[in-house]
Every structure is written in C-alpha cells, then in structure tokens.
Amino acid sequence: MNKFQLTVLIAALANLALMLIFPPFNSQSLFRAGPASFDAFYLVSDAPANAALNSGLLYLEVFFVLVNAVLAWVLLQGAPQQPSRPRVRWQNVLQWLIIANLLLILLFPPFETQPERVFEGFRFALGGNVQRGIFLPFLFLELFLLALDAAALWLAFGLVARWDEAYGAESAVPESIAESGAASDPDRSQIGRSDHDRRQGPDPHFGGAERRRGIERRKGS
C-alpha cells in the first residue's frame with residue numbers, strides 16, 4: 001500500500017463516518033396517510049422521536065463510497081519497480097472519478113412526487129415522466145459533497161506527491177555522491193603499484209641495462 005492508497009483509505013473512512021454520524025431519516029406526517037417519506041439528515045444522537053432510519057438510502061450511500069474507494073485503490077496501485085508511485089497519475093485518476101460521479105448524479109438525479117414535493121427516489125433523467133420533478137435540495141447536496149471530496153483529495157494528493165518528491169530527492173543525493181566517490185577514488189586497500197602500472201616490457205626510451213629478474217638477482221653473491 002503506497003501513500004496515495006493510504007490517502008484514499010482515509011478519505012473513504014471519513015466519508016463513511018460522516019454518513020454514519022448524519023444518516024438519512026424518514027418521518028411519518030400526522031396529517032398524511034401512507035408510508036413514511038424521507039425527511040432529512042439528522043445527527044444520529046439528535047433525531048426526532050417520530051423519525052426512522054432510511055436504511056435503503058444509507059446502504060446506497062455506503063455502496064457508492066466503497067465503489068469509488070475500490071476504483072481509486074486499483075488505479076493508484078504502484079508499479080512493481082517503484083511501489084511508492086502509482087502506475088497512473090493521480091491527477092488523471094481523480095479527474096476520471098469526478099467526471100464519472102458527476103455524470104452518474106446528473107443521469108440519475110433525485111426525484112420528488114408532485115404536488116406533495118416529497119423525495120421519491122433516484123430515477124433516470126430521460127425517463128420523461130411529467131408527474132415527477134427533480135428534488136433540488138438533494139441534488140445540490142450531492143454536488144456540494146462531490147466538490148468537497150474532490151477538493152480535499154486534490155489537496156491531499158498534491159501534498160503527498162510533493163512530500164514524496166522531496167523525500168526522494170534527499171535520499172538520492174547521498175547515493176549519487178557515494179557512487180561518484182567510488183568511481184573517482186582508487187582502491188585504497190592496494191599497496192604499491194597495480195598490475196596496470198607495472199612495466200610489462202622493456203622501456204624503449206631507457207638506454208641502460210634493465211633490472212635483473214628475480215632468477216638472476218643473487219647470482220653474483
């Protein structure tokens with residue numbers, strides 16, 4: 001798991017915590033018969049007495065958060081050579097996810113029943129049912145949360161990328177210095193001349209007698 005995937009995990013957990021702290025609730029009006037209808041998002045510890053948890057809408061919210069997190073996790077997976085860096089640029093991943101979520105929100109907006117103006121559910125936008133209208137408060141809330149998540153992730157990914165570049169640059173400097181030093185300095189463990197420096201044959205510029213070889217050194221004594 002690299003730093004970008006860790007950022008995705010933290011963002012997904014933050015969204016899930018927000019959804020569980022402020023879940024959707026239904027309410028049953030005293031002046032209208034029929035099933036309970038969506039009321040609002042309340043603090044889980046401060047919900048009205050006649051409110052009931054809208055489990056279907058809550059499951060749908062959790063599902064979309066998990067789908068986005070899994071897609072981002074897979075796309076930001078690191079390469080085998082450099083696991084800390086994702087295969088796909090994080091800017092492209094975030095842009096694709098934002099466009100996909102925006103299209104999904106606009107193609108399946110929340111609808112309300114008329115004339116009661118009560119949230120009914122998510123329908124296909126081109127269905128052509130004139131008895132329904134778009135539930136604007138819910139649509140604006142979806143767009144606001146999408147923009148908020150996109151801005152937070154863009155800032156977080158940018159910070160992670162800059163920190164990774166700075167850390168990588170600092171770690172690369174000592175390695176380059178060590179490599180250059182090893183390439184320029186001779187082997188200090190060697191004493192005396194190396195085989196390359198030793199004379200392999202007679203020097204043509206030396207007119208005198210050559211040094212005696214090892215087999216001839218003690219003949220005169």
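Rings of Phe, Tyr and Trp, the last represented by its six-membered ring, count as an aromatic pair if their centres lie within 6.5 Å. The legends below refer to a predicted model.

**Figure 1. Aromatic pairing links Phe25 to Tyr42.** Across the whole structure, a search returns 14 aromatic pairs. One of the pairs is formed by Phe25 and Tyr42, with a centre-to-centre distance of 6.0 Å and an angle of 55 degrees between the planes, a tilted arrangement. This pair connects distant parts of the chain, since Phe25 belongs to strand β1 whereas Tyr42 lies in the loop between β2 and β3, 17 residues apart. Phe25 has a relative accessibility of 8% and therefore counts as buried. Tyr42, at 23%, counts as partly exposed, because the buried class ends at 20% relative accessible area.

**Figure 2. Phe119 and Phe122 form an edge-to-face pair.** The ring centres of Phe119 and Phe122 are 5.6 Å apart and the planes stand at 75 degrees, so the pair is classed as edge-to-face; the cut-off for this class is an angle over 60 degrees. Phe119 is buried, with a relative accessible area of 11%, while Phe122 is partly exposed at 25% relative accessibility. Both residues belong to one aromatic cluster, which also includes Phe38, Phe41, Phe135 and Phe138.

**Figure 3. Three antiparallel strands make up an open sheet.** The strand order is β2-β1-β3. The edge positions are taken by β2 (37-41) and β3 (51-53); each has a single partner strand, so one side of each lacks a neighbour in the sheet. On average, and with direction ignored, neighbouring strands of this sheet are turned by 45 degrees against each other. Strand β1 (residues 24-27) runs antiparallel to β2 and is joined to it by four bridges. Pro24 has Phe41 of β2 as its bridge partner, and Phe41 is also a member of the aromatic cluster.

**Figure 4. Strands β4 and β5 form a hairpin.** Strand β4 (residues 110-113) pairs with strand β5 (residues 118-122) in the antiparallel sense, over four bridges. The bridge partner of Thr113 is Val118 in β5. Four residues lie between the two strands, and Arg117 in the turn adopts a positive phi of about 55 degrees.

**Figure 5. Helix α1 has buried residues along one face.** Helix α1 (residues 3-21) comprises 19 residues, which at 1.5 Å a residue should span 27 Å; the end C-alpha atoms are 27 Å apart, in agreement with this expectation. Its buried residues are Phe4, Gln5, Thr7, Val8, Ala12, Asn15, Leu16 and Met19. Viewed down the axis of α1, the buried residues fall within an arc of 170 degrees and therefore line one face of the helix. Ile10, Leu13 and Leu20 are exposed on the other side of α1. At the start of the helix, a side-chain oxygen of Asn2 comes to within 3.2 Å of the backbone nitrogen of Phe4.

**Figure 6. Buried residues of helix α3 share one side.** The 18 residues of α3 (residues 90-107) have an expected span of 26 Å at 1.5 Å a residue, and the distance of 26 Å between the end C-alpha atoms agrees. Trp90, Gln91, Val93, Leu94, Leu97, Asn101 and Ile105 are buried in this helix. These residues cover an arc of only 160 degrees around the axis, which places them on the same side of α3.

Key:
Residues are numbered from 1 along each chain as its sequence is written. This is a predicted model: local features need pLDDT of at least 70, side-chain atom pairs count only at pLDDT 80 or more; totals for chains, interfaces and linings use all residues. Side-chain values use heavy atoms; hydrogens and water are left out. Two strands pair if DSSP finds at least two bridges between them. Axes are lines fitted to C-alpha atoms, for helices over the stretch in contact, and angles run from 0 to 180 degrees between N-to-C directions. The expected span of a helix is 1.5 Å times one less than its number of residues. Buried means under 20% relative accessible area, exposed over 50%, partly exposed in between (1.4 Å probe, protein chains only). The arc is that of the directions from the helix axis to the C-beta atoms. A polar contact is a pair of N or O atoms within 3.5 Å; within protein, one must be able to donate a hydrogen and the other to accept it, and residues adjacent in sequence count only if both atoms are side-chain atoms. Rings of Phe, Tyr and Trp (its six-membered ring) pair if their centres lie within 6.5 Å; planes under 30 degrees apart count as stacked, over 60 as edge-to-face and the rest as tilted.
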